[in-house]
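Please find below my notes on this model, set out as numbered points. They begin with the nucleic acid contacts and then turn to the protein.

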Protein chains: 2
Amino acid sequence: MAQPGTVDRILDTAEVLFAQKGFAETSLRAITSKAGVNLAAVNYHFGSKEALIQAVFERFLTPFSAALAAKLDELEASGTPDTPETILGIVSRLALGTHPQDPQRAAIFFRLAGQAYSQPQGHLRQYLNQHYGAVFKRLQEHLQRAVPDVSPMELFWRVQFSLGSVIFTLSGLESLQAISKSDFKLELSAADITQRLLPFLVGGIQAPVPAQ
Amino acid sequence: MAQPGTVDRILDTAEVLFAQKGFAETSLRAITSKAGVNLAAVNYHFGSKEALIQAVFERFLTPFSAALAAKLDELEASGTPDTPETILGIVSRLALGTHPQDPQRAAIFFRLAGQAYSQPQGHLRQYLNQHYGAVFKRLQEHLQRAVPDVSPMELFWRVQFSLGSVIFTLSGLESLQAISKSDFKLELSAADITQRLLPFLVGGIQAPVPAQ
DNA sequence: ATACGTTTCAAACATACGTTTGGAGACAAG
DNA sequence: CTTGTCTCCAAACGTATGTTTGAAACGTAT
């Protein structure tokens, strides 16, 4: 049988390196040498570099979206009325807590997501939408019930704005933490920042729509 | 003397291609062949590919930050009280209007900025901060006066959140416009989206800070 | 007209990359 | 023991990249 963990070692290493340096800037040689496996292992187990990238996302997103779907089931069963706070709170607690054994994991993932979304060709963007779009739509419907005064199209854009805030902030977390620390002599964790993000997003999502 | 416009033709082409496909994914051969200049021209005129990237940013940011500084002078001289709407309005009108002859130019720049910020090593991020940090600080001070109830640190983070919304949205503009068009049968321009961004950001920036 | 600095150009250089290959080794089934 | 399958590995392949080179072309000033 296979040497135990070759596939996982590749995924673990690739995840970190992709987040650190980007997809194009991370070579298979860098991944395999750091993971302690042979260069050919990536093409043998995954087929290509691009398939490896997709596998990295899949490994993170599948449990996340499953957990999110479960939480939404729970919310609907309980009959709690939708508010922006509860819905966004669910997402943020989930994003930070899907891998509680490794608090850095969430930050890595958001950096990956930032990389994926800034890929202009939109290849990954399309893949993510295709595979996880359903849960995303469901989330948006709950939000719509929470802010009925905001039109669906307006809300669509506000969700995109929110996504931007989250991904951008968490994908540049280290630089921003450094600035914040030197300017305000206060070190903030990813959880701290998420806590600050929440009221910002709530304020933005339920802001009054100008008459136009 | 030089064939007129070699440098500018390179900059024009590089700007578009970098925004379309990213820095690493855009080769000097792609730039020079599309620009109709010799491959060696980049290294002759700029020194290296990285220097070309910096030059592209410089050409856009220098007039923008100068215009922003002038607008802030104007604002201070007029004695108008600071509000989030006026300050963010200045920035957004400037971003869309710095190159009025080419409305697509602003979108290109934000895609570039998105690329730069998602570069994890932060090389460009540092360069941008170093060269244009002063205007940025000044902008933040005005915002602080507009929302005195938000602590400086809280505001710092909210500005970062806002930056994320702007850059993320405008850098992925085409994909988002396509989704919006197919879902809502309505085509939106960059200016339309900026108009929707503004109340979202204002709502976020002046949202109540939780007791904590 | 000549000389000179600048710019352009085709070609080559060195290197790094993703991928492929052919064989060696391990293990289970017949 | 033999066969077959799966995994690992060193090496090589083909290609694309950023950069450098040396000569040709150009415009200007002497």
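1. Sorted by class, the surface near DNA strand D in this predicted model has eight polar, seven nonpolar and three charged residues. In total, 18 residues surround DNA strand D. The closest are A:Thr6, A:Asn38, A:His45, B:Arg29 and B:Lys49, so that list draws on chains A and B.

2. Which elements supply at least two residues each of the surface near DNA strand D? They are α3 (40–45) of chain A, together with α2 (28–35) and α3 (40–45) of chain B. The largest share comes from α3(A), with three residues.

3. On the DNA side, 56% of the atoms of strand D within 4 Å of the protein belong to sugar or phosphate. The rest of those atoms belong to bases.

4. Several polar side chains approach the phosphates. An N or O atom in the side chain of A:Thr6, one of the closest residues to DNA strand D, is 2.5 Å from a phosphate oxygen of that strand. For A:Tyr44, a polar side-chain atom lies 2.9 Å from a phosphate oxygen of DNA strand D. Chain B contributes B:Ser27, where the distance from a polar side-chain atom to a phosphate oxygen of DNA strand D is 3.4 Å.

5. The annotation should be read alongside these contacts. In an unreviewed entry, UniProt lists residues 27–46 of chain A as "DNA-binding region". In the model, this stretch of chain A is 70% helix and 0% strand, and its end C-alpha atoms are 15 Å apart. Helix α3 (40–45) of chain A, which supplies part of the surface near DNA strand D, falls in the listed range of 27–46.

6. How are the two protein copies related? A turn of 180° and a shift of 0.1 Å along the axis lay chain A on chain B with an RMSD of 0.2 Å. The copies are thus related as by a two-fold rotation axis. Of the interface residues of chain A, 100% are also interface residues in chain B, so the copies meet through the same surface.

7. As to the fold, chain A has 10 helices and zero strands. Its elements, read from the N terminus, run α-α-α-α-α-α-α-α-α-α. The C-alpha trace of chain A spans about 60 × 40 × 35 Å along its principal axes.

8. Over all chains, a search of the whole structure finds 16 salt bridges. One salt bridge joins the side chains of A:Glu76 and A:Arg138, at 3.3 Å from N to O. Because A:Glu76 lies in helix α4 (residues 49–78) of chain A and A:Arg138 in helix α7 (residues 123–146) of chain A, the pair ties together parts that are 62 residues apart in sequence.

Conventions. Residues numbered from 1 in each chain as written. Chains lettered and ligands numbered in written order. Predicted model: local features only at pLDDT ≥ 70, side-chain atom pairs only at ≥ 80, totals over all residues. Heavy atoms only, no water. Near = heavy atom within 4 Å. Polar contact = N/O pair within 3.5 Å; in protein donor to acceptor, adjacent residues only side chain to side chain. Helix = DSSP H or I, 4+ residues; strand = E, 2+ residues; numbered from the N terminus. Nonpolar A, V, L, I, M, F, W, Y, C, P; charged D, E, K, R; others polar. Least-squares fit on C-alpha atoms with pLDDT ≥ 70 in both. Contact = heavy atoms within 4.5 Å. UniProt positions renumbered as here; feature names shortened; annotations may be inferred. Salt bridge = Lys/Arg side-chain N within 4 Å of Asp/Glu carboxyl O.
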